[in-house]
Amino acid sequence: MRPRHVQLVAALGLLCALLLTGCGSGEGGLKSAGPTPTAVGPVRLWPELPPATDPPIDYGESDTQRVPGVKVPDNDVHTVTPAAVVLAEVRAHPDTYSGADGLYEETARAIEACGTKPAGCPVLRPYYRDLTGNGRDELIVGIRMPDQQVGVRVYLAENGGLTRIMSTVDQVISVELAGRDLIMRVSSAGIPGYEYRTAWSWDEQQHSMLPTRDEIIRVKPPGTGAASPVPPAPRLVSPTPTPTPTPASGAEPPAPAPVATSTPLPLEPGP
């Protein structure tokens with residue numbers, strides 16, 4: 001046997017002896033993690049119940065609607081005026097106070113007057129985001145209503161016009177964009193200290209935005225131990241802006257991007 005092989009065998013023997021000694025010394029060895037809990041799988045309740053043969057109408061089946069009289073050149077929602085879009089819907093559904101087209105009577109009157117009284121226009125600043133994954137932005141519109149309620153509507157540009165793919169009204173705490181989801185935080189009626197959080201997502205089959213995730217969350221105001229009895233004022237939260245490149249030396253710096261506010265938009269003539 002060569003000297004190198006003898007040294008290798010001796011080193012391996014010493015290592016094995018150290019490992020055996022460590023395992024038997026009671027220190028640094030393997031220790032039990034305790035009993036493993038028994039895995040419990042889902043249990044089906046009332047398995048004798050037959051499956052439904054006539055399920056109810058799917059969510060979103062009647063939520064989509066073509067906006068009458070609004071033309072969208074090149075299917076670009078940036079070319080339309082949000083207040084004009086909402087006004088077209090108001091005029092198409094007069095005296096409608098409930099459902100997807102429902103607005104308070106005073107809200108509908110204020111929208112009619114957006115052109116002459118822009119300061120009182122309840123249509124909030126619009127937001128734009130590709131929510132459907134088609135590579136183009138959709139138009140997101142907020143409408144202020146009485147009792148801290150906000151109507152949220154989303155419009156898809158297609159075939160030279162607009163299709164409304166989402167419409168809901170609630171006592172909004174905030175509206176947020178996360179990826180391709182629109183997330184609404186809403187006050188909980190009758191359950192003090194809690195709020196509802198709903199994520200609306202595009203559903204290709206229904207061709208509309210559906211409430212795909214809904215949860216009830218306990219909330220507390222900062223710095224206190226009690227739950228807030230009154231919801232905060234509504235606010236719209238925009239996505240994180242893309243960093244602006246540093247201008248070259250001597251060049252004029254770009255104007256700062258406008259921040260999200262509840263300042264209404266004046267009504268402008270459509271294209």
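In the predicted model examined here, glutamate 158 stands opposite glycine 161 in β5. The two strands concerned, β4 and β5 (residues 161-178), pair in the antiparallel sense over 10 bridges. The hairpin that they form has 2 residues between the strands, and within this hairpin asparagine 159 takes a positive phi near 55°.

Strand β4 is also joined to β3, by 6 bridges, and these two strands likewise run antiparallel. One of the pairings places valine 152 of β4 as the bridge partner of glycine 142. The hairpin of β3 and β4 has 4 residues between the strands, and here aspartate 147 takes a positive phi near 60°.

The surroundings of β4 were examined next. Of the 10 residues in this strand (residues 149-158), 10 are buried, so the strand is largely enclosed by the rest of the structure. In a regular strand the side chains alternate between the two faces of the sheet. Both faces of β4 are covered, since Gln149, Gly151, Arg153, Tyr155 and Ala157 are buried on one side, while Val150, Val152, Val154, Leu156 and Glu158 are buried on the other.

One of these residues, Leu156, is also in contact with threonine 132, whose other contacts beyond its neighbours within four places in sequence are Glu138, Ile165, Arg180 and Trp202. Threonine 132 is found in the loop between β2 (127-129) and β3 (138-144). Its relative accessibility is 9%, and because buried means under 20%, threonine 132 counts as buried. The side chain of threonine 132 is joined to that of asparagine 134 by a polar contact of 3.2 Å. Threonine 132 and aspartate 203 are 71 residues apart in sequence, and their C-alpha atoms are 8.1 Å apart in space.

A further feature lies at the surface, where Val43, Leu45, Trp46 and Leu49 make a nonpolar patch of about 500 Å². Leucine 49, a member of this patch, is found in the loop between α1 (3-25) and β1 (65-66).

For the protein as a whole, 3 helices and 9 strands are found, and they follow the pattern α-β-α-α-β-β-β-β-β-β-β-β when read along the sequence. Of the 271 residues, 32% count as buried. The accessible surface comes to about 17,600 Å², of which 58% belongs to carbon and sulfur atoms. Among contacts between residues at least 6 apart in sequence, 52% join residues at least 24 apart.

Methods. Residues numbered from 1 in each chain as written. Predicted model: local features only at pLDDT ≥ 70, side-chain atom pairs only at ≥ 80, totals over all residues. Heavy atoms only, no water. Buried < 20%, exposed > 50% of the residue type's maximum accessible area, 1.4 Å probe, protein only. Contact = heavy atoms within 4.5 Å. Polar contact = N/O pair within 3.5 Å; in protein donor to acceptor, adjacent residues only side chain to side chain. Patch = residues over 30% accessible without salt bridge, like charges linked within 9 Å, V, L, I, M, F, W, Y side chains within 5 Å. Areas by Shrake-Rupley, 256 points an atom, 1.4 Å probe, with all protein chains shown as cover. Salt bridge = Lys/Arg side-chain N within 4 Å of Asp/Glu carboxyl O. Pairing = 2+ DSSP bridges.
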